[in-house]
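Please look at the sequence and the structure below. The text then goes through a metal site and a ligand site in turn.

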Amino acid sequence: MQTFIKNLPKAELHLHIEGTFEPELLFEIAHRNNIPLKYPTVDALKEAYSFDCLQDFLDIYYQGADALLTEQDFYDLTYSYLTKCAEQNVRHTEIMFDPQTHTDRGVQFSTVIHGIYRAVEAAKENLNVSALLIMSYLRHLSEESAFRTLEHSIPYKHMITAVGLDSSEKGNPPSKFQRVFKASIEEGFIPVAHAGEEGGPDYIWEALDVLHIKRIDHGNNCLQDEKLVQEIIKRDIALTVCPLSNTALQVVKDLKDHSLKKMMNLGIQTTINSDDPAYFGGQVNQNYIDTQKALNLTKADIYQLAKNSFKYSFLPEPDKAIHIAELDAYYLANK
Ligand code: ADE
Ligand code: ZN
């Protein structure tokens, strides 16, 4: 089963580039930028990666991101993640980045986007991995700040496919960003949002009805509302589920309690993703492997999850078909 998962062609649809910042690279980049770190060693930093909730994690995650200053830093971070994609047979990835985390520290939007995009282009050429970008607004900041970010992004519109909404969920409902999402859609961006990770079903309803999102990031708490489940199925909206993130942030106590299989049985379209792999103890393949074990997923389930990862990506339809044909051939030969 492990070999089946490792060699399986797949896509990753929920990934924060700042969350791929491995401690070793973080130390290297902080050192070359002369940025002092709170932790004396890589091991001391790793020990701090124990979280009670989302906010606990975000506090450390934003500290780590402070080491990123130059275009080369963003390039190195992104290329390092894309190398891991190639090693895991991730053929396509949709990368979230948080511009405000950087622009609020005085780093130019252009520095961030050029570094990330240059790595995306290099990976397409050298690693046979495709990637597209999701510019995510930080929901703990104001809508006005999100509008400024949207404005910054306009000259780079051709490099960005979608907009997202992340950071501290509780107390920051999707409706807070109604106008900036409307404006983003008018600029041609596809809307997605984190919803129902710590927030309730009402936040997922808002993400659907107020922000008009095309994919739900996490969405775990949809199961508390039967009508919502039926609506998600009816609208054919996929959930980007992140099992190891959920246990790391205590959204789910134990992987055995994870509702992924229940979601699948109900007819909700789900995918498996790593969210912030440097912080949550596993890349996307580890998420597949651990979840398969915990929930007794069959090869048919794993195939369905990988198929969804292509089907619910934002790739053009002909590209999806090519990936799914490769996946089908793989499944037929290995089931
Ligand atoms: N930013 C990075 N990871 C996140 C998560 N799991 N939820 C909300 N915001 C995030
Ligand atoms: Zn996330």
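The paragraphs that follow describe the zinc site and then the surroundings of ligand 1.

This is a predicted model, in which local features need pLDDT of at least 70, side-chain atom pairs count only at pLDDT 80 or more, and totals for chains, interfaces and linings use all residues. Residues are numbered from 1 along each chain as its sequence is written, ligands are numbered from 1 in the order in which they are written, and side-chain values use heavy atoms, without hydrogens and water.

The zinc ion (ligand 2) has four protein donors, His-14 (NE2), His-16 (NE2), His-194 (NE2) and Asp-275 (OD), at 2.0 to 2.3 Å. Donors here are N, O and S atoms within 2.8 Å of the metal (3.2 Å for Na, K and Ca); water is not among the atoms, so sites may look incomplete. Along the sequence the donor residues follow the spacing H-x1-H-x177-H-x80-D. His-194 in strand β6 (residues 193-195) and Asp-275 in the loop between β9 (270-272) and α14 (277-280) are 81 residues apart, and the pair links distant parts of the chain. Helices (H or I, at least four residues) and strands (E, at least two) are DSSP runs, numbered from the N terminus.

Ligand 1 has His-16, His-194 and Asp-275 among the residues around it, where a residue counts if one of its heavy atoms lies within 4 Å. Nitrogen atoms of ligand 1 lie 2.7 Å from an N or O atom in the side chain of Glu-197, 2.7 Å from a polar side-chain atom of Asp-275 and 2.7 Å from one of Asp-276.

Notes: A polar contact is a pair of N or O atoms within 3.5 Å; within protein, one must be able to donate a hydrogen and the other to accept it, and residues adjacent in sequence count only if both atoms are side-chain atoms.
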